[in-house]
Amino acid sequence: MAIVEVTPSDNPPLKYQGRVCIRIGPRRGFATAEEERRLTEKRRWGNLPFDQQPVPGATIDDLDLSRFRDEYLLTVVPADVLAENGREITDQLRAPRFLAPDGRPTAAGILICGKDPRAWLPGAYVQFVRYPGPEIGDIVQNHKEIDGALSDAMRRIDEIIDANIEVHGDLSGTVQRDQSTYPPVALQE
């Protein structure tokens, strides 16, 4: 005796020998053109971009709710609207898709207001390396890995850029003109 358990596919419709088999309630058979169209539409709806996908194992406790309230909400929602807003924090987190419908944090939620984004998304960091010359094979002059919530990481990146760009003053005229060795905007891009 063999028991086979078939779970619904996350990527419907699936074809076997060119036909789509379905089971709806007690009915088993082949999908009609309309049923196949609905299954295809369901697949498109379920294919979410990476930032909207829930992070497996993460819970709302992995989000810094005070960061969400005090930093994110205040920058994207006018203060008078927030004052009138009587929604629960979970509903507020779902609006920008920081929480999936099942209550798990999404990748965007972890990156923007996560307590430790790198614990859930190991590649969630920026690596800064400075070489003394134009060759990558040169000895590393400065190296940093910047991680954390996105707003903290961006602020630290700006500080590192400012600390690593040399500025020379030109005193040849009546007014001192400062000139950086590399344009900061180019590094920020």
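Let me begin with tyrosine 131, which, leaving out residues up to four places away in sequence, touches Ile136, Asp138, Ile139, Val140 and Gln141. I should say at once that what we are looking at is a predicted model. Tyrosine 131 has its place in the loop between β4, residues 125-130, and β5, residues 142-147, and with a relative accessibility of 27% the residue counts as partly exposed. To give you a sense of distance, the C-alpha atoms of tyrosine 131 and aspartate 178 are separated by 23 Å, while along the chain the two residues are 47 residues apart.

From that loop we can step into strand β5, where asparagine 142 lies. Is asparagine 142 buried or exposed? Asparagine 142 is buried, since its relative accessible area is 18% and the cut-off for buried is under 20%. Once its neighbours within four places in sequence are set aside, asparagine 142 is in contact with Phe128, Val129, Arg130 and Asn164. With asparagine 164 there is also a polar contact from side chain to side chain, at 3.0 Å.

Now to the aromatic rings, where a pair is described by the distance of the centres and the angle of the planes. There are three aromatic pairs in the structure, and one of them is formed by phenylalanine 68 and tyrosine 72, which are stacked, with 5.7 Å from centre to centre and 15 degrees between the planes. Both residues belong to helix α2, residues 65-76, and because they are four residues apart there, about one helical turn separates them. Their surroundings can be put side by side: phenylalanine 68 is buried, at a relative accessible area of 0%, whereas tyrosine 72, at 23%, is partly exposed.

Phenylalanine 68 also pairs with phenylalanine 98, this time edge-to-face, with the centres 5.8 Å apart and 70 degrees between the planes. This pair links distant parts of the chain, as phenylalanine 68 is in helix α2 and phenylalanine 98, 30 residues apart from it, is in the loop between α4 (89-94) and α5 (107-113). Phenylalanine 98 is buried as well, with a relative accessible area of 2%. Taken together, Phe68, Tyr72 and Phe98 form one aromatic cluster.

Rings also come up in another setting, with charges placed over them. The charged end of arginine 118 sits over the ring of tyrosine 125, at 4.0 Å from the ring centre, and the charged end of arginine 19 sits over the ring of phenylalanine 30, at 3.5 Å from its centre.

That last pair of residues brings me to the sheet I would like to finish with. Arginine 19 falls within strand β2, residues 19-24, and phenylalanine 30 falls within β3, residues 27-30. These strands are part of an open sheet of three strands, ordered β1-β2-β3 and paired in antiparallel fashion. Why do β1 and β3 each have one side without a neighbour in the sheet? Both β1, residues 15-16, and β3 stand at the edges and have a single partner strand each, so one side of each is left without a neighbour there. Between β2 and β3, which run antiparallel, there are four bridges, and isoleucine 24 stands opposite arginine 27 in β3.

Key:
Residues are numbered from 1 along each chain as its sequence is written. This is a predicted model: local features need pLDDT of at least 70, side-chain atom pairs count only at pLDDT 80 or more; totals for chains, interfaces and linings use all residues. Side-chain values use heavy atoms; hydrogens and water are left out. Rings of Phe, Tyr and Trp (its six-membered ring) pair if their centres lie within 6.5 Å; planes under 30 degrees apart count as stacked, over 60 as edge-to-face and the rest as tilted. Helices (H or I, at least four residues) and strands (E, at least two) are DSSP runs, numbered from the N terminus. Buried means under 20% relative accessible area, exposed over 50%, partly exposed in between (1.4 Å probe, protein chains only). A charge sits over a ring if NZ of Lys or CZ of Arg is within 6 Å of the ring centre and within 35 degrees of the ring normal. Contact means heavy atoms within 4.5 Å. Two strands pair if DSSP finds at least two bridges between them. A polar contact is a pair of N or O atoms within 3.5 Å; within protein, one must be able to donate a hydrogen and the other to accept it, and residues adjacent in sequence count only if both atoms are side-chain atoms.
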